[in-house]
Amino acid sequence: AEPEVEDDSEQLEPRPPVVTVMGHVDHGKTSLLDAIRKTDVAAREAGGITQHIGAYQVTVDGHRVTFIDTPGHEAFTALRARGAQVTDIAVIVVAADDGVMPQTLEAIDHARAAGVPIIVAVNKIDRENADPQRVRAELAAKNLTPVEWGGDTEFVDVSAKTGQGLDQLLETIVTLAELSELRANPNAPASGTVIESRLDTGRGPVATLLVQRGTLRLGDPIVAGTQAGRVRAMTDYRGERLKEAGPGTPVEVLGFDGVPEAGDRFRVVESEREARRLAQERAQRLKQEALARQMR
Ligand code: GDP
């Protein structure tokens, strides 16, 4: 991996937290992400466009929060397996009528392995047979003791269906993010991680990038993994065109020669020529590594 650049502390400015939602299948990850997105009044006013680009933002009391919109820890582990650390906070969803299940524990293990703080969202509390206290007891037994029981894990009761508790969940995320003092240098060539990518029949390669350092601008020469290009068009999760995007911002980008892979690091370089050289170098290295593996 290329060396990460260290910024001086005076260059750093606050940035939005990046949140991943994980948990057992059917416990409501997708529903919760949809419900949270709908709390964003500005997005609704923009025409209710629910463009899926793999990440979105909401604003809570003036604080922006970025959500990775691919539920499940498959995406989380896929990104991490490629060395990408994008998540600042993990929301673990547990259905109050079902309790802690195998994938709940897996999700917790993933968050812990990544050193990411956990907030537990106890979902489906609208259900008659919901038992949110049982969820607390089950997780306390796994060393996730609720704050209200003297531990240090925040539990929030929510219903993705009725919207109950969503404000409290968002406030809890913002409070935890503030404690973490997340910062990044916006005045640098942009770099970050590919969150999602695909080949669009009309538009060609499309990639959702999470900017983690610097500011990404229209026209920037860019390299991601084995793919080079230039930022030809940039839109946010509402489908609105952007000229630039700072740290913590997810953007959909057109202009790559090919489709980069989710988890690839991207960075802006001096020229398109330099981008192509780096991409080719990377492709060559991967080819050699694959050959070396076959020889063993
Ligand atoms: P995922 O597999 O974790 O993404 O779960 P989904 O979001 O697909 O939800 C699974 C099922 O639970 C769906 O039928 C949802 O409608 C339902 N569901 C999700 N959240 C709630 C909730 O808060 N209350 C109720 N009653 N049902 C919910």
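Here is a short conversation about the ligand site and some salt bridges of this structure.

Reader: Happy to dig in! What kind of model is this, and which pLDDT do side-chain atom pairs need to count?

Author: This is a predicted model, with residues numbered from 1 along each chain as its sequence is written. Side-chain values use heavy atoms, with hydrogens and water left out, while local features need pLDDT of at least 70, totals for chains, interfaces and linings use all residues, and side-chain atom pairs count only at pLDDT 80 or more.

Reader: Thanks! Which residues come nearest among the 15 around the ligand?

Author: A residue belongs to this group if one of its heavy atoms lies within 4 Å of the ligand. By class, the shell has two nonpolar (Ala, Val, Leu, Ile, Met, Phe, Trp, Tyr, Cys and Pro), six charged (Asp, Glu, Lys and Arg) and seven polar residues (the others, Gly among them). Of the 15 residues, those that come nearest are Asp 26, Lys 29, Thr 30, Ser 31 and Asp 126.

Reader: Which helix gives the largest share of that shell?

Author: Helices here are DSSP runs (H or I, at least four residues), numbered from the N terminus. Three residues of the shell, its largest share, come from residues 29–38, which form helix α1.

Reader: How much of the ligand's accessible area does the protein cover?

Author: Let's start with the atoms: a backbone N or O atom of Gly 28 lies 3.0 Å from a ligand oxygen atom, and one of Lys 29 lies 2.8 Å from a ligand oxygen atom. Lys 124 brings a polar side-chain atom to 3.0 Å from an oxygen atom of the ligand. On its own, the ligand has 580 Å² of accessible area (Shrake-Rupley method, 1.4 Å probe), and the protein covers 74%.

Reader: Lovely. Which residues are linked with Asp 200 in a network of salt bridges?

Author: A salt bridge is a side-chain nitrogen of Lys or Arg within 4 Å of a carboxyl oxygen of Asp or Glu. The side chain of Asp 200 meets Arg 198 at 3.3 Å, N to O, and Arg 203 at 3.8 Å. The network links Asp 200 with Arg 198, Arg 203 and Glu 252.

Reader: And is Arg 277, which pairs with Glu 274, buried or exposed?

Author: Arg 277 forms a salt bridge with Glu 274, with the closest N and O atoms 3.1 Å apart. Both lie in helix α7 (residues 272–295), three residues apart, about one turn of the helix. Buried means under 20% relative accessible area and exposed over 50%, with partly exposed in between (1.4 Å probe, protein chains only). Because its relative accessibility is 42%, Arg 277 counts as partly exposed.

Definitions and conventions: A polar contact is a pair of N or O atoms within 3.5 Å; within protein, one must be able to donate a hydrogen and the other to accept it, and residues adjacent in sequence count only if both atoms are side-chain atoms. Helices (H or I, at least four residues) and strands (E, at least two) are DSSP runs, numbered from the N terminus.
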